[in-house]
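Here is a short report for a reader new to this structure. Please look over the sequence and the model first.

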Amino acid sequence: MEGCTLPCSYSPLPAEPTPARYRPPKKATLMVFSGLLMLGLVLAIINGSRDSDVRANGNASLDKLKSSMPLPSEPLQPVSRGPSAGVSEKSNLVMAGVNVMSFPWNNTMLSWQRTAYHFQPEKNWMNDPNGPMFYKGWYHFFYQYNPNGAVWGDIVWGHAVSRDLIHWLHLPLAMIADEWYDINGVWTGSATLLPDGQVIMLYTGSTNESVQVQNLAYPANLSDPLLINWVKYSGNPVLLPPRGINFKDFRDPTTAWYTSDGRWHIAIGSRVNTTGITLVYHTKDFKSFELLDGVLHAVPATGMWECVDFYPVSKNAEQGLDTSVNGAEVKHVFKTSLDNDKHDYYALGTYEKANGRWVPDDPKIGIGIRYDYGIFYASKTFYDVRKGRRVLWGWIGESDSENADVQKGWASVQSIPRTVLLDKKTGTNLLQWPVEEVDSLRLSSKEFDKVEVRPGSVVPLDVETATQLDIVAEFELDKEALERANQTNVESMISCSTSGGAAGRAALGPFGLLVLADDGLSEYTPVYFYVAKGADGNLKTFFCVDQSRSSEASDVNKQVYGSSVPVLKDEKLSVRLLVDHSIVESFAQGGRTCITSRVYPTKAIYGATRLFLFNNATEATVTCSLKIWQMNSAFIRPFHPDQETWI
Ligand code: DQQ
């Protein structure tokens with residue numbers, strides 16, 4: 001075991017982290033520094049005007065729409081519990097430190113927010129996905145879970161199994177906090193399936209003195225396909241924070257990968273002062289580990305790195321790769337979750353076999369690009385040996401108030417699992433797409449062919465209720481308007497939010513869909529494109545979600561999310577949306593850019609939920625073709641032994 005026995009003292013490490021390479025054990029490397037940067041974002045409150053004639057008129061100007069704000073009841077002052085406990089601030093940083101008025105939520109409204117086909121425990125708090133794997137015919141999903149309430153704390157491992165990644169059976173808790181080395185929390189970890197059939201689970205434990213250590217667990221009975229019972233290794237912990245690393249900055253071991261030196265490697269997130277870093281260890285038996293020299297990756301001013309993920313993607317094939325695959329046809333994805341801003345970032349690069357270095361394709365990439373521009377954190381992939389694909393899970397937190405979470409008795413959902421492939425057309429990003437099994441929930445569908453949406457108009461789409469939908473849409477801007485459009489300084493737009501959200505009008509946008517809307521458009525959430533012509537004559541496309549009018553409640557996040565998205569020559573603008581009550585997952589251009597939002601309407605709920613097209617461009621008419629499916633609910637329920645043949 002590397003490091004010292006607890007409690008131990010730490011010595012400084014070199015200020016400049018270096019790339020990972022093999023080295024003799026016991027070299028001190030990093031320096032301790034405390035302090036977390038919490039980013040407070042400004043709550044966007046945008047007024048509009050109500051126009052109840054919109055649906056009757058068919059086309060009405062979006063910029064006339066207004067939302068009526070309810071009268072405040074009592075002031076709400078969110079209390080941060082994460083940093084005091086070391087990790088996992090509630091994800092809604094937008095509201096942290098901002099005084100907002102709490103909305104008088106009633107049970108009818110809150111019950112509607114529970115999702116129908118996203119994974120959720122029956123009650124209480126959930127956060128990170130842990131140890132996903134496919135084993136003996138079952139997908140296993142573990143997750144960070146508080147069995148005692150709807151806020152983060154008392155963390156143990158929840159466990160569920162599925163035949164298809166959509167319908168789930170809840171199993172008993174896999175691991176509880178019952179040893180000195182995890183008594184303050186059984187935190188995040190990953191599974192490794194060894195070629196001889198062993199299942200290795202490495203996870204972070206928060207000890208009786210709140211030191212972060214790595215522990216080993218394994219199934220009690222490998223012939224049980226449900227892997228119900230887990231054994232914690234008697235020699236735990238298997239890793240202590242190395243000298244020079246703060247004892248609260250050492251967590252979340254990855255799935256291990258095997259290299260030609262005959263050893264398994266794992267990565268663990270940490271930091272040196274404000275530089276986020278990833279340590280790499282190698283091992284032969286998962287009981288004794290050796291720290292490698294340097295780091296896999298480091299980026300200054302990014303703070304603590306959580307839930308690092310490291311995996312290969314194929315440069316040519318449309319298939320996923322097992323975690324140990326490497327070679328000329330492979331790129332390696334490095335992903336980290338920034339504790340500072342609660343976002344996941346990834347970068348593509350090459351993992352050099354000879355020296356164990358990971359070299360980013362773009363030396364200037366820094367922390368990389370976002371997996372998802374909305375709420376999506378602490379994600380983890382696994383290789384699905386059954387279908388030969390890499391599957392990504394992400395924790396989707398709440399963006400309402402903690403009071404509301406306590407009232408409804410649960411908090412957080414998991415994303416629909418996404419396949420991950422390299423975008424072969426650009427070579428610079430990944431494509432994320434809902435696993436094909438979600439299509440099995442599709443019920444009746446409606447198609448709308450070439451709907452013309454004139455500048456400044458809203459068009460209702462008659463799909464009856466619109467709380468559980470799968471929407472596939474393509475948009476085309478009229479060519480004349482594209483040619484006529486003036487060139488602008490697109491760089492000055494910077495982001496979706498600085499271009500004024502869905503209400504900010506320009507020649508070529510915004511245009512898209514209004515989801516989770518009510519008939520009178522007092523509440524609606526635009527998911528939209530925004531095209532601008534740059535000074536060089538080239539078009540730049542943004543993909544955004546505007547939550548500013550999503551709810552009449554004021555104690556929910558009203559941010560505008562989004563980013564620019566590459567649109568290649570001859571590509572149409574395309575989007576897929578999965579709407580499931582309070583969650584909307586949006587995938588633009590085949591999954592090149594994704595935005596997940598949590599939406600908490602007060603009126604646009606149950607049978608009152610509607611769907612519209614809108615075009616707030618001043619010049620261009622937009623033509624849209626869509627196919628929209630009503631979505632069934634998934635079976636997500638407790639397991640009973642007589643259901644073993646289920647599905
Ligand atoms: N959540 C876990 C930690 C991890 C954090 C604790 C990320 O292991 O760093 O619940 O959300």
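The text below covers a disulfide, a pocket and some backbone features.

This is a predicted model, in which local features need pLDDT of at least 70 and side-chain atom pairs count only at pLDDT 80 or more, while totals for chains, interfaces and linings use all residues. Residues are numbered from 1 along each chain as its sequence is written, and side-chain values use heavy atoms, with hydrogens and water left out.

**Cysteines**

How many disulfides does a search of the whole structure find? It finds one. A disulfide here is a pair of cysteine sulfur atoms within 2.5 Å. The partners are C496 and C544, with sulfur atoms 2.1 Å apart. C496 lies in the loop between α5 and β30 (511-517) and C544 in strand β32, so the pair ties together parts that are 48 residues apart in sequence. Helices (H or I, at least four residues) and strands (E, at least two) are DSSP runs, numbered from the N terminus. The S-S torsion of C496 and C544 is about -75°, so this disulfide is left-handed.

Both C496 and C544 are buried. Buried means under 20% relative accessible area, exposed over 50%, and partly exposed in between (1.4 Å probe, protein chains only). C594 is also buried, at 0% relative accessibility. C624 is buried too, with a relative accessible area of 0%.

**The second largest pocket**

The second largest pocket has a volume of about 490 Å³. A pocket is an open set of points on a 1 Å grid over the protein atoms alone, where a 1.4 Å probe fits, with protein on both sides within 12 Å along at least five of seven lines; lining residues have an atom within 4 Å of a point. A volume is the space filled by probe spheres set on the points.

This pocket is lined by 18 residues, with L482, L539, V567, L568 and E571 nearest its centre. β29 (468-477), α5 (479-484) and β32 (539-546) each give at least two residues to the lining. The lining holds 10 nonpolar residues, one polar and seven charged. Ala, Val, Leu, Ile, Met, Phe, Trp, Tyr, Cys and Pro count as nonpolar, Asp, Glu, Lys and Arg as charged, and the others, Gly among them, as polar.

**Backbone features**

Two residues with positive phi are listed here.

| Residue | Phi | Loop | Relative accessible area |
|---|---|---|---|
| L165 | about 70° | between β5 (156-162) and β6 (168-175) | 2%, buried |
| F286 | about 65° | between β13 (275-283) and β14 (289-291) | 1%, buried |

Neither L165 nor F286 is a glycine. Cis peptide bonds come next. N236 and P237 are joined by one, with omega near 0°. P237 sits in the loop between β10 (230-232) and β11 (257-258). G509 and P510 are also joined by a cis bond, with omega about 10°. P510 lies in the loop between α5 and β30.
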